[in-house]
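Trainee: Could you take me closely through one part of this model, the place where the two chains meet?

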Amino acid sequence: MNVNQSAPPVPPFGQPQPVYPGYHQSNYGGQPGSTAPPTPYGAYNGPVPGFQQTPPQGVSRAPPSSGAPPASTAQAPCGQATYGQFGPGDIQNGPSSTVQMQRLPGSQPFGSPLAPVVSQSSVLQPYGPSLTSAEVTAQLAGMQISGAVAPAPPASGLGYGTPTSLASASGSFPNSGLYGSYPQGQAPPLSHAHGHPGVQPPQRSVPPQASSFIPPASGGPRMPSMTGPLLPGQGFGGLPVSQPNHVSSPPPQALPHGTQMTGPPGPPPPMHSPQQPGYQLQQNGSFGPARGPQPSYGSPYPGAPTFGSQPGPPQPLPPKRLDPDAIPSPQLNELPPQQKTRHRIDPDAIPSPIQVIEDDRNNRGSEPFVTGVRGQVPPLVTTNFLVKDQGNASPRYIRCTSYNIPCTSDMAKQAQVPLAAVIKPLARLPPEEASPYVVDHGESGPLRCNRCKAYMCPFMQFIEGGRRFQCCFCSCINDVPPQYFQHLDHTGKRVDAYDRPELSLGSYEFLATVDYCKNNKFPSSPAFIFMIDVSYNAIRTGLVRLLCEELKSLLDFLPREGRAEESAIRVGFVTYNKVLHFYNVKSSLAQPQMMVVSDVADMFVPLLDGFLVNVNESRAVITSLLDQIPEMFADTRETETVFAPVIQAGMEALKAAECAGKLFLFHTSLPIAEAPGKLKNRDDRKLINTDKEKTLFQPQTGAYQTLAKECVAQGCCVDLFLFPNQYVDVATLSVVPQLTGGSIYKYACFQVENDQERFLSDLRRDVQKIVGFDAVMRVRTSTGIRAVDFFGAFYMSNTTDVELAGLDGDKTVTVEFKHDDRLNEESGALLQCALLYTSCAGQRRLRIHNLALNCCTQLADLYRNCETDTLINYMAKFAYRGVLNSPVKTVRDTLITQCAQILACYRKNCASPSSAGQLILPECMKLLPVYLNCVLKSDVLQPGAEVTTDDRAYVRQLVTSMDVAETNIFFYPRLLPLTKSPIESTTEPPAVRASEERLSNGDIYLLENGLNLFLWVGASVQQGVVQSLFNVSSFSQISSGLSVLPVLDNPLSTKVRGLIDSLRAQRSRYMKLIVVKQEDKLEMLFKHFLVEDKSLSGGASYVDFLCHMHKEIRQLLS
Amino acid sequence: MATYQEFIQQNEERDGVRFSWNVWPSSRLEATRMVVPLACLLTPLKGRPDLPPVQYEPVLCSRPTCKAVLNPLCQVDYRAKLWACNFCFQRNQFPPAYAGISEVNQPAELMPQFSTIEYVIQRGAPSPLIFLYVVDTCLEEDDLQALKESLQMSLSLLPPDALVGLITFGRMVQVHELSCEGISKSYVFRGTKDLTAKQIQDMLGLTKPAMPMQQARPAQPQEHPFVSSRFLQPVHKIDMNFTDLLGELQRDPWPVTQGKRPLRSTGVALSIAVGLLEGTFPNTGARIMLFTGGPPTQGPGMVVGDELKIPIRSWHDIEKDNTRFMKKATKHYEMLANRAAANGHCIDIYACALDQTGLLEMKCCTNLTGGYMVMGDSFNTSLFKQTFQRIFSKDFHGDFQMAFGAALEVKTSRELKIAGAIGPCVSLKVKGPCVSENELGIGGTSQWKICGLDPTSTLGVYFEVVNQHNAPIPQGGRGAIQFVTQYQHSSTQRRIRVTTIARNWADAQSQLRHIEAAFDQEAAAVLMARLGVFRAESEEGPDVLRWLDRQLIRLCQKFGQYNKEDPASFRLSDSFSLYPQFMFHLRRSPFLQVFNNSPDESSYYRHHFARQDLTQSLIMIQPVLYSYSFHGPPEPVLLDSSSILADRILLMDTFFQIVIYLGETIAQWRKAGYQDMPEYENFKHLLQAPLDDAQEILQVRFPMPRYINTEHGGSQARFLLSKVNPSQTHNNLYAWGQETGAPILTDDVSLQVFMDHLKKLAVSSAC
């Protein structure tokens, strides 16, 4: 009951206070059991029927939460503290604490909104309120249950059940307690500091709960900063004070949702049409609630089914799963089903990515990360930190899912935590960090273990006075060659250890000898070949002219090694439509010569001398060529293009020149001309959600694989720039770039005016970036584990060697390890990644990265040293590869199951015993559900109606070679409020959670995910702001879809544009800005990136998903 | 009437025709007994500066199977305005335009002196001349340079509105686009892949989509320039471009490793050239000019691999059937030649290399299309340069001495049938009532296509007398033959030249003397030689010689006067006296003897033998030898070793070579420098005389002969020694007891021995 009461606090979100009273009372009183909670579950289950049944579940759950209380009380103090934090911050930092906080508010809003609607519209009015409230509570309860457990630290999980939370909270604490012990300590103080007091007041019910939850103090410290700003964010009103905000906004939203949800009652608010649950909200922009989705989620949406397995069992299961606690709820069951649907969990109470990121920044951003210690978990990718290499590779090169590996495969199987390393061998380093030293071992080449061929590294043990060394990977004892001999000091270390990078650093390079070269010949300098589509489409859009103009200057910036005066890279040019045109740009010619090859079925290179040239020597001819290309084809009527022969030609050219290199392809259309690799339009949206959906991701023909294989053999990397107006079958076209380590860039409906900057920026970056050619990567591990699976853009002809025709600093390879023996806790596990490549000056080198990991016999150690971002990187890649072979639904289910198993294992083995109704998340993985949900609802796994097949294939391909930072931002976009922080502040404004609830209509936000950049303008933004940013006098005059901000000389404009520039600089691809006005058509697009909300395509909201995950876990546990 | 000699000469000058027999045996049986078939050498475009073409079209016999042209031999009823066809006896009405004719007002074609007449057809748009250069770039630097210069020079010789195109080849084949400004464009093809005409046209973008084609049909004539514009351009428009383009031509850039031949895709280059013209200008006069500096070494039509250690095939290999590529290559080129011929395009081959270049395989390209074959050592020699320049020589009207896309039709009166033709032509496969079943040469047709013609191109046309012995021809009856040659004049007009001749019939039994006296032994020798060479292409050398010998013996038996088994009594009348000697030299000629010649050389010699006119052919069979001395003006002397005297200068013309040979004493004098002494000025003049005469020959001869200036004991004296009749050899030198002349180191039989044997066999009753 208490719990229920807690609900009241909800109002903040929800609406008018007036409602409150009503709710509280009714709810509490009437429904101790808080039927509501169940509903949420029901929702998951999917089918409408679920609802009704669900209630019971909810009930059941609720109880547990209630049960919890005791515990909570104990911890109460902490809880409060945390609570306070939450309140303010919305931020969830603290795992546990935040969770609670959020939940409370969240739940309330739901309750309130729903309630009003229901009550008013429907006959049930009386009930309505009460019910709603009840529901709310129920939800809360449910949440708590789920979250309740809030494993200690992260544990905030519990937060959900605010109302219940009291009870549950208590329950949770205990759990959290485990972890909590440490975090808590910290938390409390901090939280307090943050002026919880202020916050608390508004939320009456909260206090109790808070107490219970908060324990996880860990969050506490961070909270402070967050809280201030966050609150406002949450509060739709935008004001810091949570209450006021809530009050205002919630109601409207609630209404719509309610209507939808309830279905029957429907009519409620005149304003909101049923159609758009979430969005539109009406009036005041109180988006906040955005509950729309939830409701829908629950019943109408098929979304539930997506989760999968569960739908079937709903009815029977719930009861079973639920704890006895549920019992009280029976009453709830009686409630009309409709109403039940709406329970809500306070979104603020669940783990917040923003908070976690912010905490890590604050905690770890200041000190350099020193890699000397084995098994150290590095700071998050979102944190800026310096790395000091003291024997292990920088996390910029390698990141692992866990830095503490289970010793046995049994343990690993139990935990289900994938063991994977995300390796970015040529990662760029910030200027403050030195790039790897180059070691030259002379003619004999790098020193290696005789048996396993591992390269000399700091972990090799020198014995017998330095005359021999024992391989740290295979334990083989090798002789030290005389020229390498050195005495050992008293610790058994070589005297020269610190003089030799290979004995003291985690990353370094060896100069390769001729034995490491193809055909035993040192490679010649690589070449870049620009291959330009000059068909009608390309000419019409102005692409060719733009490109040629740009190339003239871009050629001065080819990558060069070190401080070399000029780049060693030679360039060549090809244009093509249905046939290919090669150009002879030999410096001795007065005019370039064009050679047309029309025999596309049997491609060959028509010239040798003069095709690949030094830019400086042939500058005049090249310039002349680039001037003439647009003219020559200006009148072309040729619309058909070829594709495979183009790549073939480039590859043959490199073969003829006996060098490695890169092809830059600029292509516009589906290659339908008669030629090898000809494609047909096979786009068929009807296949989505069928077993045949996978064919959309598979290449149409095997020809491209064969071609790619040849390319790899030649060291021919292919970068593809696509400018499609319609379907081009990215899935097939991307095969070669993908397998050769190339990149793909796609500019749908390219228009020079709109996309010029983006394309040129990408092109410049792509051309200028340092790249290694003809590379082979091998990952060696110490005995006990073995690299078994690889993800990324490369080709493998055997099971161990990753072959990359080209590899640049953005490309990442994810490697999965499996046990093949026992590991030793003492010696740990070692990884050595060796990359043999040809530098852009044509030098053959080996880059070595070493990393030592800990091994554990306790699962808890594993969970304590995990990195969720890396885990998500792995899981996303795994899933994205899975869609090639399995139905998407299966892939999604697999992900969910694996996640549930990971968390269940934790709960079972590491968390302190607690009520089953509590969701306890490991601190390191508390974001796993939210991130995983983002993966699940990504375009590839759950496409919306507006997502084209090409987009999906494109994204799928991109993700495959993303590093951890990129996947992180890609799946959970960053949403930055622009007008919240003072204009003078130079730092980036703190992000807010990606949810519509966090948007205030009086504010402007930037949203970016590494590919897209939106500037969202609230409808009631101050006129002054509009004026200073857009140079127009009112909101209505801002043109929608604007992609460039006017350059204005005022602090705000300068700051915003500066921020945009700095965001772009952080990403490997240029993000085109799109200005979205609130309630504009484009807003749909924008909302797609608010990943915590329910998506139009049926993706679950964060809260719903968490509930669902909780259910899964419970199911596993029982 | 004058002598037959004069008659023959007169006829040749007027009609360009020389018959082996100028009085025809009137029955089939008798005709076969004459041994030498009734045949003629026809020079369709023989220069007739005195013959102004008439500007109207010929009047044809209305019988569909006949269609003979009205000629002076037709009987005309001026009153009824009727004429009777002298071939089928069809009576025809004159067309309305002829309403005004009468005995005194005859149209030209009825006048006896116009037995040969040329009509100009005014119909149809004139189509331009087309010259497509196909240039090998696998040449030595200076060779290529010389070739480029020759080609650039040729541009100035072409008529301004002629279309030119350029294809270059080496490892790849490039078709150059000529219309572009700035960047020079070319289409490149792999040199190893055989492409069909359709593929080539597709790849060159010459095929138009179906739709536009239909729409454009009405405007077809205008379409042409458009379609072709990229690869074939009027000289006057792209003169500069083309010169620059040629100037920038580089040697084939692909590396050739030690011990390898450069990869040369001649087969594909030709195939593309043929395909290009086929697609753009079918049935329009065009000349594909292939310049190559070595054998094709890859792709279809390859003649030898690129391994230098494996030499190109020799006659020895061919006899042993040890040639890997020959058959395939020959087939490839034959296919191309036939396609080109079908479209009226001719192919020239200019092959300049020290080694063989595969002319054997490629010969059909020139032989079937009437193109030229030129063989030299280098493009950087005057032999090539002048020969090439001479192709573009003009007659006194300023017209090129070349014609294109000719079709020769032969009509005979009913006592005769056509057995075949030998020359630079292909059969048009037109069967008719006057086509014999017995084929001699290219038979089975009454029409042939000759894609490239010049005023000296000569065909041997063979006939068969089919009149039966029991159906005697009335006294005074004449047989008639009409040659109708339609061609594209170099001024782009279409013209028709009609030659109608008639000869008397004679009963061989009663009037053998007449027939004998009307024997043209020169024409007969050449016609028999053509038959022999034609056979040699497909038969073993010895078989051909045996056949020739047997024919000769039979002829001698038939026309000689002798007592049986008494060789000493053997005599031949004047009209046959030289014939055996021609045969003797023919047997020794490179046309039938392959010894000491490469297959390419044999092909080259035979090529020219099959197309030159009678005079040139005779020179080829029996070279002429002039002797210069202080004793008098230069005199022709016997082609005999006895003519090689120490105090003489000899000038030999074999058609392919001009040899100046200084006798031993003369050579010593020259060495001593007498010619530089004023008191021996006459010696200087003597030395100069043959040089001047040689120069005269060099000026007009096509192809330019190899010019050899040698002396007694010089290594190049072999050219002379191998030609003369070896009357004195190391075997008989002292037997003759004379010290004149030079002994020839050979085992070949001399003319004397040959004649002795001939007499013996002729008088013997054994055969």
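Mentor: Since this is a predicted model, what follows describes computed geometry, beginning with the extent of the interface: the area buried between chain A and chain B is about 1900 Å², and carbon and sulfur atoms give 58% of that area. A single figure of this kind is a common choice, because the size of an interface is often given as the accessible area lost when the parts come together. On the side of chain A, Met594(A), Val596(A) and Phe604(A) together supply 26% of the area that this chain buries against chain B, more than any other three residues. Counted by contacts, 24 residues of chain A meet 19 residues of chain B.

The polar part of the interface can be described alongside this. Between chain A and chain B there are 11 residue pairs in polar contact, both residues of each pair being at pLDDT 80 or more, and the rule finds three salt bridges across the interface. One salt bridge joins the side chains of Lys193(B) and Asp602(A), with a distance of 3.7 Å from N to O.

As for the elements involved, β14 (593–597) and α24 (619–632) of chain A each supply at least two residues of the side that touches chain B, and β14(A) gives the most, with five residues. By class, that side of chain A is made up of 17 nonpolar, four polar and three charged residues.

The strand β14(A) also takes part in pairing between the chains, for five bridges join β14(A) to strand β11 (residues 184–190) of chain B, and the two strands run parallel. Within this pairing, Met594(A) stands opposite Lys185(B) in β11(B); Met594(A) is thus found both in the strand pairing and among the three residues named above for their share of the area that chain A buries against chain B. When you follow the side chains along a strand in the viewer, keep in mind that in a regular strand the side chains alternate between the two faces of the sheet.

For a strand pairing inside chain A, to set beside the one between chains, look at strand β20 (residues 785–791), which is mostly covered, five of its seven residues being buried. β20(A) pairs with strand β22 (residues 813–819) of chain A in the antiparallel sense, over six bridges, and in β22(A) the bridge partner of Arg786(A) is Lys818(A).

Key:
Residues are numbered from 1 along each chain as its sequence is written. Chains are lettered from A and ligands numbered from 1 in the order in which they are written. This is a predicted model: local features need pLDDT of at least 70, side-chain atom pairs count only at pLDDT 80 or more; totals for chains, interfaces and linings use all residues. Side-chain values use heavy atoms; hydrogens and water are left out. Contact means heavy atoms within 4.5 Å. Buried area is the accessible area (1.4 Å probe) that two parts lose on being put together, summed over both. A salt bridge is a side-chain nitrogen of Lys or Arg within 4 Å of a carboxyl oxygen of Asp or Glu. A polar contact is a pair of N or O atoms within 3.5 Å; within protein, one must be able to donate a hydrogen and the other to accept it, and residues adjacent in sequence count only if both atoms are side-chain atoms. Helices (H or I, at least four residues) and strands (E, at least two) are DSSP runs, numbered from the N terminus. Ala, Val, Leu, Ile, Met, Phe, Trp, Tyr, Cys and Pro count as nonpolar, Asp, Glu, Lys and Arg as charged, and the others, Gly among them, as polar. Two strands pair if DSSP finds at least two bridges between them. Buried means under 20% relative accessible area, exposed over 50%, partly exposed in between (1.4 Å probe, protein chains only).
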